[in-house]
Amino acid sequence: MTTDTEGWVRVCATSELLPGEMQTAWDGDTPILVFNHDGELYALEDRCSHEDFELSAGEFDPATGTIECVLHGAKFDVRDGRALCAPAYEPAIKFPVKVHDGAVWTRDDRD
Ligand code: FES
């Protein structure tokens with residue numbers, strides 16, 4: 001995984017993340033899921049807040065901007081990580097995302 005001098009991790013080329021698609025990346029030990037929702041990019045930790053399961057195993061619904069955890073059906077808003085239904089109550093952690101040099105970048109900005 002490519003990392004720039006400021007700690008951003010390259011996810012993929014912008015052409016590999018079209019509206020309605022998602023891609024995963026790792027920043028160190030942190031799995032990150034990046035979404036293209038209607039042309040806007042958003043990044044969440046790839047981890048359900050209910051029981052630590054990868055959200056990327058579920059379906060991204062571009063019509064509503066949500067992703068559903070396949071394990072017990074919790075749903076999250078990809079724009080801000082809000083938990084939308086039980087059994088998850090805590091949000092998924094949101095990370096920054098940027099486009100630079102024709103690629104999508106993200107990073108775990110917690111210190
Ligand atoms: S682990 Fe995601 S809903 Fe239970």
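**Strand S3 and its surroundings**

In this predicted model, valine 34 stands opposite alanine 43 in S4. That pair is a good place to begin, as it belongs to an antiparallel arrangement in which S3 and S4 are joined by six bridges. The hairpin formed by S3 and S4 has two residues between the strands, and aspartate 38 takes a positive phi near 60° there.

S3 also has a partner in strand S2 (residues 22–27); these two run antiparallel and are joined by six bridges. Here alanine 25 stands opposite isoleucine 32 of S3. The hairpin of S2 and S3 has two residues between its strands as well, and in this hairpin glycine 28 adopts a positive phi near 60°.

How many of the eight residues of S3 are buried? Eight of the eight are, so the strand is largely enclosed by the rest of the structure. Both of its faces are covered: one side carries Thr30, Ile32, Val34 and Asn36, the other Pro31, Leu33, Phe35 and His37, and all of these are buried.

Next come the nonpolar cores. In soluble globular proteins, nonpolar side chains tend to be buried together. The largest nonpolar core in this model has 14 residues, and those with the most contacts inside it are Phe35, Cys48, Leu55, Ile67, Phe76 and Val78. Strands S3 (30–37) and S4 each supply at least two residues of this core. Another core, of eleven residues, lies apart from it, with Val9, Val11, Ile32 and Val104 among its members. Beyond its neighbours within four places in sequence, cysteine 48 is in contact with Phe53, Leu55, Cys69, Ala74 and Phe76.

Aspartate 77, found in strand S7 (residues 75–77), offers a polar example. Is this residue buried or exposed? Aspartate 77 counts as buried because its relative accessible area is 5%, under the 20% cut-off. Its side chain reaches the backbone nitrogen of arginine 79 at 2.8 Å, and a polar contact of 2.8 Å joins it to the side chain of arginine 82. With neighbours within four places in sequence left aside, aspartate 77 is in contact with Leu44, Gly65, Thr66, Arg82 and Leu84.

Serine 56 lies in the loop between strand S4 (40–45) and strand S5 (60–61). With a relative accessible area of 25%, serine 56 is partly exposed. Not counting residues up to four places away in sequence, serine 56 touches Met22, Thr24, Leu33 and Asp46. The C-alpha atoms of serine 56 and isoleucine 93, 37 residues apart along the chain, are separated by 14 Å.

How values were computed
Residues are numbered from 1 along each chain as its sequence is written. This is a predicted model: local features need pLDDT of at least 70, side-chain atom pairs count only at pLDDT 80 or more; totals for chains, interfaces and linings use all residues. Side-chain values use heavy atoms; hydrogens and water are left out. Helices (H or I, at least four residues) and strands (E, at least two) are DSSP runs, numbered from the N terminus. Buried means under 20% relative accessible area, exposed over 50%, partly exposed in between (1.4 Å probe, protein chains only). Contact means heavy atoms within 4.5 Å. A nonpolar core is a set of buried Ala, Val, Leu, Ile, Met, Phe, Trp, Tyr and Cys residues joined through side-chain atoms within 4.5 Å. A polar contact is a pair of N or O atoms within 3.5 Å; within protein, one must be able to donate a hydrogen and the other to accept it, and residues adjacent in sequence count only if both atoms are side-chain atoms. Two strands pair if DSSP finds at least two bridges between them.
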